[in-house]
Every structure is written in C-alpha cells, then in structure tokens.
Amino acid sequence: MAKKQIKEKSIEETLWESANKLRGSVEPSEYKHVVLSLIFLKYAYDRFTERRNELVADGKEQFADNPVFYNAKNVFYLEPESRWDFLIENAKQNDISIKIDKALAKVEDSNPSLKGALPSNYYAGLSLDRTKLAALLDEINKIDTLKDPEHDLMGRVYEYFLGKFAIAEGKGKGEYYTPKTIVNLIAEMIEPYRGKIYDPCCGSGGMFVQSMKFIEAHHGNKRDISVYGQEYTNTTYKLAKMNLAIRGIACNLGEMAADTFHNDQHKDLNADFIMANPPFNQKDWRADNELVDDPRWMGYDTPPTSNANYGWILNIVSKLSANGTAGFLLANGALSGDGTELAIRKQLIQNHIVEAIVILPHKMFYSTDISVTLWIMNNNKKARTVEQNGKMVKYRNRENEVLFVDLRLWGEPFEKKYVQFPVDQIQQVAQNFHNWQRDGYEENYHNEAGYCYSATTEEIEAKGWSLVPSKYIEFKGTAEEIDYDGKMKQIQSDLRDLLVQEEESKKQLKELFAKLGYGI
C-alpha cells in the first residue's frame, strides 16, 4: 500500500504555529507586534550580513562598520547588540526581553529612515514566558530571509501574518488590514502606474504593497511612484513602517501617528492615486464646532458629526490632482444617506467626479460582516489620451455617466467562513471597467443583467441621487422588481421582534415560577 504523501509545511505556516504558542502569555491583539518585530530583526540581520560579506570580498573590510556603506544600498546598519546572532546567543537568558528592546532601539538610532517605526521598551513590559519567547526566536532563526528573492519571502511572511492576525482577532478588530484581493481589485481598476499615491488611513501599508506589486506585474518602474500615508494608531503606524521597510519601499507616513481629520500631515498634497479603507461608519469624529470651515470641504456642505463617511470622501477628493483617480471602501449606507450626505453626494455627481460604484460580497472582511462598497472617483472623466507603461491609451468622455457593478454573488470560499476574489475574476471586473472607460466601448462594453449598468446623470437624478446599484442594474432571471435591501431590513426587523418576544416570554416564565416558589 502506497504511503500517504505528507504535505510539507510552508515557512508561513510553521511560523504561525510557533506564534500561536504565545497564546495565553500575550493578548491576541498584541502578539502580532511581538512576532513581526522579531521577523524584522532577522531580516535586517540577514541583509546586513550579506552586505558586510560583499564589502569584505571587495577588499573594503575597513568600511565594514561604517553605516554609510550600508545605507547606500538600502541596508540597515546594525550595532553588535542589535544583531540577530547576539539575540540567539542570549535567547535562554532571563533578560532576553530587555535585550530585544535594546536591539530595536539601537536599530532605530542607527537608521534615520526607521524613526518611529520600531516598538520602544515593548517586550520587557509584556511579561512574556521566557521559554515560549526562546522557542519563537529559534523558529524564526530557521528562516533564510534572502532565499528566493524573486518570490519576496519576507513580504510573503508579513502578508500572511497580517491576514492571519486579522482573522484571529475577528470582528471589531483587525481594522489595520484590508484583504489583499480587494486591494488587488482597486489597483487593477485605477492602475497606479506613475505619480504620487496616498492613503489617509493606511493601516499596515497593504495598499502601497499591492500598488508596487501591480507595477511589477505590468513591467512598470517602482521608482515612478512615491508613497504618502497617514495612520492614527501608533502600533499600526509602526507596523506599516516595518512592512514597507522590509520591502524597500520609501514612504512618507508623516512625523508620527496622527488623526487625519485633526492633524493632517499632508495638507498640500496633490495625489495622482488614492487607495483607502477608512473606518466604517465612524461616530463622533468631530465636535459640532470643529472643522466647520475646513478647506478640505471645498465648498461642499460640512459632513455631519454623526458619521465620518462623507468626511473621508471629501478628504480624499480634496487631495486628488487635476487628473487624479481614487478607489476607496465605504459601508453601503453612504450610497443613499439623506440630509447633508444627500446634498454632498448630489454635488459630487453633478461635478462629474463619481466614476464607478462596485458593491462587494458579504464575508470579505475579517473585522466586520456588513456589506461594503468600492467607490471609484476621477477628477478628469473627459476624453483624453494618456501614456500608461509606455503605451498610449485613449479614454472617451464619460462625464455624464456612472458605472454600477454588482459583485455580491462573486468570489470563492476562503478560510472556511470568508470570501475572496480569484485572480481571473479580478481581471474580468477590471477589464470590463476599462472597456467602459475607453474608446471603442460600444463594441467592448455592454450592460449586463445582474452584473453592470452604465447610468446617466439624468437617470441618477430620477432615482433621487441614490448610488445603490440595485436601483440601476436589472436583476438576472426575474421579471419583477424586488427591493432586496427593503426585504433585508424587514427580515432584520422581524428577527429583532422575535428576540424581544423571546426575552418577554422568559421574563413571564421567571415570574410564574417565582409565584410557585421555584427558582429559575
């Protein structure tokens, strides 16, 4: 009988199992920082050692301890106490946590580009189980971070861990991570070939990473893109800086972690591309008397204090260059809000800035199961010819149109309870969008029931300036108009009523048993 072939575990899986051993010693929301900082130190050491050996081989041993000869090659210089071999030698010592903190501090001091990127006095304050930490160091020590550079091993590990941490933390957590298939879809649709790219709520930097991967996949030049971002949470800000440093992506994430609305660190930025996943339905983001006359509102009504969705929209639009394009995610409620939101949405549509609305499947996000929409905004929907990666591309005038796309039934199962887009579906959606944008669209693009519809401004006005895709896309295989959103609200209301009735029944039973002299 043939032996069953055992699948060899990937480096990512092995590391994940080792990281999981920290459960119980460290809060789930913390151990991502514990693991990723150590992986960073191992990667920095491998690159340092490689560069040091090059200097010795070239007869420049006298410069082997000169930081300039490392920084010139985008390699971080490491003092002896911040080198991985020193940490491994001391892994079993009782003060290993203190030594790791000192190593990180010295790395940051020796490399100005890492200012504010690494944890400060972090490990000693966590009360980590020393044997578990030593076991994790041993596991990370097995990785050859320089192996197979074309496949970006360290980037792969970082991406894998960030995704797994977001899944492990579940609802209400993991806001720092946007599933990469959604980011891939945004990049394929807005095509960030050249210029400045900005993310006002950049999380762990995933938008920037996938933008660079888009450029590589399409044989562009990464030097043609410059990266600007901002992040509110300090630990996530550090994650982003480490994530980008490992990949050699130069970035300007501001001087510190800061609230984009109240401490905008890129006030004068004109971005060619914006990719973002703002916090959904953010409450109390400003007081009634705050940011009332902020220049980012550009003559639009001031966004309401009750929800930041339209604050994010106007912040993004205000940062776009004259030909800039943005792709960002919002909860579905932003498609049809009334009052001030309606006034802003109407003006955005009349100003020809809204280009496409793409409704996504449920269960794509690890932090929430609410339905989410991708908005594409474009500051120049007029007919023009653009150079993209060495090719001249002709765009038609679509100022009076908005493309609606319904992807709610798309995607494939992922990690048992989630959904992701396979590569072929991303390419199909992006190609359909570009066919609609470009010359010759009459032959290459067609409205399709259950999938897409190109609506005119007049049609949108007739629908009360709503951007809900189901108001425009014909439902496939049905002769009647069904208000699915309305039906879902009714089902939710019925469920709430049932739960109220159940609680009332329990209360009545409890009172009855009490009268009979029984406890319940």
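Hi everyone, let me start with a convention: helix angles under 35 degrees count as roughly parallel, over 145 as roughly antiparallel, 65 to 115 as roughly perpendicular, and the rest as oblique. Keep that in mind for a moment, and please also remember that what we have on screen is a predicted model.

So, on to helix H5, residues 96-110, and helix H6, residues 130-141. Their axes come within 10 Å and cross at roughly 50°. That angle falls in none of the named ranges, and H5 and H6 are therefore oblique to each other. Who meets whom there? On the H5 side we have Ile96, Ser97 and Ile100, and they meet Arg130, Leu133 and Leu137 of H6. Sorted by class, that contact has 4 nonpolar residues, 1 polar and 1 charged.

Next, the sheet. This one is open, with 9 strands and mixed pairing, and if you trace across it the order reads S3-S2-S1-S4-S5-S7-S6-S10-S13. Which strands stand at the edges? They are S3, at 251-252, and S13, at 452-456; each has a single partner strand, so one side of each is left without a neighbour in the sheet. Inside that order, S4 (residues 271-276) and S5 (residues 320-331) run parallel and are joined by 5 bridges. If you want a spot to click on, take Ile274, which stands opposite Ala326 in S5. Then there is helix H9, residues 206-217, which packs on the sheet and touches S1 (195-199), S2 (225-229) and S4. The direction of H9 makes about 170° with that of S2.

Now for the nonpolar cores. The largest has 49 residues, and the ones with the most contacts inside it are Leu185, Met189, Leu360 and Leu407. Helix H8, residues 180-190, supplies the largest share of this core, with 7 residues. Let's zoom in on Leu185: setting aside neighbours within four places in sequence, Leu185 is in contact with Leu360, Leu374, Leu407, Phe421, Ile426 and Val429. Another core lies apart from this one; that other core has 46 residues, including Phe40, Leu41, Tyr70 and Leu118.

One last stop, and then I'll let you go: Asn435, in helix H13, residues 423-437. Is Asn435 buried or exposed? The cut-off for buried is under 20% relative accessible area, and Asn435 has 19% relative accessibility, so Asn435 counts as buried. Not counting residues up to four places away in sequence, Asn435 touches Tyr441, Asn444 and Tyr445.

Thanks, everybody, and I'm happy to go back to any of these views.

Technical notes. Residues are numbered from 1 along each chain as its sequence is written. This is a predicted model: local features need pLDDT of at least 70, side-chain atom pairs count only at pLDDT 80 or more; totals for chains, interfaces and linings use all residues. Side-chain values use heavy atoms; hydrogens and water are left out. Helices (H or I, at least four residues) and strands (E, at least two) are DSSP runs, numbered from the N terminus. Buried means under 20% relative accessible area, exposed over 50%, partly exposed in between (1.4 Å probe, protein chains only). Contact means heavy atoms within 4.5 Å. A nonpolar core is a set of buried Ala, Val, Leu, Ile, Met, Phe, Trp, Tyr and Cys residues joined through side-chain atoms within 4.5 Å. Axes are lines fitted to C-alpha atoms, for helices over the stretch in contact, and angles run from 0 to 180 degrees between N-to-C directions. Ala, Val, Leu, Ile, Met, Phe, Trp, Tyr, Cys and Pro count as nonpolar, Asp, Glu, Lys and Arg as charged, and the others, Gly among them, as polar. Two strands pair if DSSP finds at least two bridges between them.
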